[in-house]
Amino acid sequence: MKADNRNFKTVNGVNVTRLVETINLIKESPDISQFKFRATNKWQNGTYNQATVKDFYGALQEDDTRDPMYFDTDEPPVLLGGNKGANPVEYLLIGLSGCLTTAMVAHAAAKGIELRSVESRLEGDLDVQGFLGMSEEIPVEYQQIRVTFKIDADISDEQKQELIEMAQKYSPVFNTVSKPVTVQVGLDKG
């Protein structure tokens with residue numbers, strides 16, 4: 001799906017012409033829409049890990065053309081870490097913020113809504129007694145995540161709220177964390 005970018009319309013940095021072309025291609029051949037994203041992780045020491053993202057499957061083919069991207073995860077000293085990276089639950093917030101924003105910006109672009117800026121603040125409540133195995137009654141997961149957006153655009157507050165609702169509706173990460181999803185965990189015996 002190589003693009004000809006000579007005559008295209010861009011809104012919010014999104015090539016709307018290509019977006020419409022991609023949607024039409026998927027309508028013609030729905031198999032193009034199937035993706036498999038991957039990450040690997042290697043424990044380094046203590047609470048420090050390094051994750052890598054490189055290849056994925058999408059648009060009916062394997063893609064390993066990008067350089068590897070590395071993500072350090074660690075804990076703050078109060079949780080026995082060395083602050084060598086964000087902790088995994090912070091990465092979850094980062095992923096959620098990026099996905100909600102991307103969904104919002106792309107759908108706004110498709111509607112022709114020009115955005116000057118979009119900022120978000122995320123905060124999650126977590127009681128580490130669950131993670132530490134101190135109480136079976138205290139959940140291990142976030143009890144609540146709050147997201148607030150600041151949107152700068154020449155649209156009404158009602159239209160901004162509609163963009164936030166579209167972001168929730170179309171964000172894969174939002175839908176993954178807000179609805180039950182099957183996660184299979186097993187041992188690689190290789």
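Student: How are Asp154 and Arg116 classed, buried or exposed?

Tutor: Both Asp154 and Arg116 are exposed. That word is used for residues with over 50% relative accessible area. Keep in mind that we are looking at a predicted model.

Student: What makes the contact between Asp154 and Arg116 a salt bridge?

Tutor: Their side chains come to 3.0 Å, N to O, and the cut-off is within 4 Å, so the name salt bridge fits. Asp154 sits in the loop between strand 10 (144-153) and helix 4, while Arg116 belongs to strand 9 (residues 115-125), so this pair ties together parts that are 38 residues apart in sequence. As background, side chains of opposite charge can pair when their charged atoms come close.

Student: How many salt bridges does the whole structure have?

Tutor: A search finds 7. One of them joins the side chains of Arg38 and Asp55, at 3.0 Å from N to O. This pair links distant parts of the chain, 17 residues apart: Arg38 is in the loop between strand 3 (36-37) and strand 4 (40-45), and Asp55 is in the loop between strand 5 (48-53) and strand 6 (56-58).

Student: Why is Arg38 called partly exposed?

Tutor: Its relative accessible area is 31%. Buried would need under 20% and exposed would need over 50%, so Arg38 falls in between. Asp55, at 27%, is partly exposed because it passes the same test.

Student: How do you know that Arg146 and Asp125 meet in a salt bridge?

Tutor: Their N to O value is 2.7 Å, which is within 4 Å, so the pair counts. Arg146 in strand 10 and Asp125 in strand 9 are 21 residues apart, and their pair links distant parts of the chain. Arg146 has a relative accessible area of 29% and Asp125 has 30%; both values lie between 20% and 50%, so each residue is partly exposed.

Tutor: There is a further step here: Arg121, Glu123, Asp125 and Arg146 are joined into one network by salt bridges that share partners.

Student: Let's turn to the aromatic rings. How many aromatic pairs are there, and why is the pair of Phe35 and Phe37 called stacked?

Tutor: The structure holds 4 aromatic pairs. In the pair of Phe35 and Phe37, the ring centres are 5.6 Å apart and the planes are at 15 degrees. The centres lie within 6.5 Å, so the rings pair, and the planes are under 30 degrees apart, so the pair is stacked. Phe35, Phe37 and Phe56 form one aromatic cluster.

Student: What are the exposure classes of Phe35 and Phe37?

Tutor: Phe37 has a relative accessible area of 64%, which is over 50%, so Phe37 is exposed. Phe35 is at 43%, between the two cut-offs, so Phe35 counts as partly exposed. The C-alpha atom of Phe35 is separated by 9.5 Å from that of Glu62, 27 residues apart along the chain. Glu62 itself lies in strand 7 (residues 61-63).

Student: What makes the surface patch of Asp157, Glu158, Glu162 and Glu165 negative?

Tutor: Asp and Glu count as negative, so a patch formed by Asp157, Glu158, Glu162 and Glu165 is a negative one. Patch members also need over 30% relative accessible area. Take Glu165, in helix 4 (residues 157-170): its value is 45%, so it clears that cut-off, yet counts as partly exposed because 45% is not over 50%.

Student: Which residues make the nonpolar surface patch?

Tutor: Phe131, Leu132, Met134 and Val140 make it, with an area of about 450 Å². Val140 is found in the loop between helix 3 (128-131) and strand 10. At 48%, Val140 lies between 20% and 50%, so this residue is partly exposed.

Student: What is the phi of Asn12 near, and why is that pointed out?

Tutor: Phi of Asn12 is near 60 degrees, a positive value in a residue other than glycine. It is pointed out because most residues other than glycine have a negative phi. Asn12 lies in the loop between strand 1 (10-11) and strand 2 (14-15). Asn83 also has a phi near 60 degrees, and its place is in the loop between strand 8 (69-73) and helix 2 (88-110).

Note on methods:
Residues numbered from 1 in each chain as written. Predicted model: local features only at pLDDT ≥ 70, side-chain atom pairs only at ≥ 80, totals over all residues. Heavy atoms only, no water. Patch = residues over 30% accessible without salt bridge, like charges linked within 9 Å, V, L, I, M, F, W, Y side chains within 5 Å. Areas by Shrake-Rupley, 256 points an atom, 1.4 Å probe, with all protein chains shown as cover. Charge placed at Lys NZ, Arg CZ, Asp CG, Glu CD. Helix = DSSP H or I, 4+ residues; strand = E, 2+ residues; numbered from the N terminus. Buried < 20%, exposed > 50% of the residue type's maximum accessible area, 1.4 Å probe, protein only. Phe/Tyr/Trp six-rings, centres within 6.5 Å; stacked < 30°, edge-to-face > 60°.
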